[in-house]
Amino acid sequence: MLVSAKEMLSKARDGKYAVGQFNINNLEWTKSILLTAQEMNSPVILGVSEGAGKYMTGFKTVASMVSAMIDDLGITVPVALHLDHGTYEGCYKCIEAGFSSIMFDGSHYPIDENVEKTKELVKICAEKGLSLEAEVGSIGGEEDGVVGMGECADPNECKAIADLGVDMLAAGIGNIHGKYPANWPGLSFETLAAVKEKTGDMPLVLHGGTGIPEDMIKKAISLGVAKINVNTECQLAFAAATRKYIEAGKDLEGKGFDPRKLLAPGAEAIKETVREKITLFGSADKA
């Protein structure tokens, strides 16, 4: 059964650990993440970008697959199915499809419009028992064609959004989607501390979790980050393991690759990545 992310993030905030959001792109990724979360007794958030949702034929397909997989695999840890960087229209589609959590990325709107649209979604999510994430200050890098320069959020704008009643807030603090460049200056903990001061107990979200040094991750958690997103690291691990298998030429007597065997090394690589992140975030045995 899918659950809202609200309770798991409140517990993470109070316990000074973070829940990992791991993005899914197909059945193999979903299965690997769920099994690893269960193995480590950790709550988990499955993130779905609009591009990934379209690739998997639609949000209803994704919600049905995840719900059925939870049942068939006997998953008992808390699992939230979360729209990642959703458009205003995409949020409504995921609400209808059966997601248990959504993110409305209104960071590219003027703050007044961001507030207005977020306010509408707060009301609907509260009625349906879904958790809602909002964003202030765009996250750097590129994800599904959305490009941000890694700006730092205005703490006063963060307060304006937090006061609407969202369940979690993604505030830009210099973080970037994808691989971090060699000249990346690091996270702005000054901004994070200022946002925390303005938003109080609001669980904060750190996007772009791949490549951030461990000491920065731990410091961010100590300053109120309760959810950390990981996608690129899983992509890189999956691709490397799959490439290695293909280059080894392990076909079936010249009959071609069995897709189940072809994808198995990548699935195992994702499991290892998720284990490492759950350990780093401190969410093991917190379910």
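**Exercise 1. Work out what share of the protein chain counts as buried, and how its surface is made up.**

Solution. Begin with the burial rule, under which a residue is buried under 20% relative accessible area, exposed over 50% and partly exposed in between, with a 1.4 Å probe and protein chains only. By that rule, 56% of the 287 residues of the protein chain count as buried. Turning to the surface, the protein chain exposes about 12,700 Å², of which carbon and sulfur atoms supply 52%; these areas come from the Shrake-Rupley method with a 1.4 Å probe, and for residues only the protein chains shown count as cover.

This is a predicted model, in which local features need pLDDT of at least 70 and side-chain atom pairs count only at pLDDT 80 or more, while totals for chains, interfaces and linings use all residues. Residues are numbered from 1 along each chain as its sequence is written, and side-chain values use heavy atoms, with hydrogens and water left out.

**Exercise 2. Count the helices and strands of the protein chain, and explain why the chain is described as compact.**

Solution. Helices (H or I, at least four residues) and strands (E, at least two) are DSSP runs, numbered from the N terminus, and the protein chain has 11 helices and 10 strands. Its radius of gyration is 18 Å, close to the 19 Å that the globule rule gives for 287 residues, so the chain is as compact as a globular protein of that length. Here the radius is taken over C-alpha atoms, and the rule is 2.2 Å times the number of residues to the power 0.38.

**Exercise 3. Place strand β8 among its partners, and say which way its side chains point.**

Solution. Two strands pair if DSSP finds at least two bridges between them. Strand β5 (residues 131-136) runs parallel to β8 and is joined to it by 4 bridges, with M168 of β8 as the bridge partner of E133. Strand β9 (residues 204-206) also runs parallel to β8, joined by 2 bridges, and here L204 is the bridge partner of L169. Within β8 (residues 168-171), M168 and A170 point one way, L169 and A171 point the other way, and all are buried.

**Exercise 4. Describe the surroundings of V48.**

Solution. V48 belongs to strand β2 (residues 44-49), and V48 is buried, with a relative accessible area of 0%. Contact means heavy atoms within 4.5 Å; leaving aside neighbours within four places in sequence, the contacts of V48 include I24, M56, F59, L81 and F99. P213, by comparison, lies 165 residues from V48 in sequence and 25 Å away in space, C-alpha to C-alpha.
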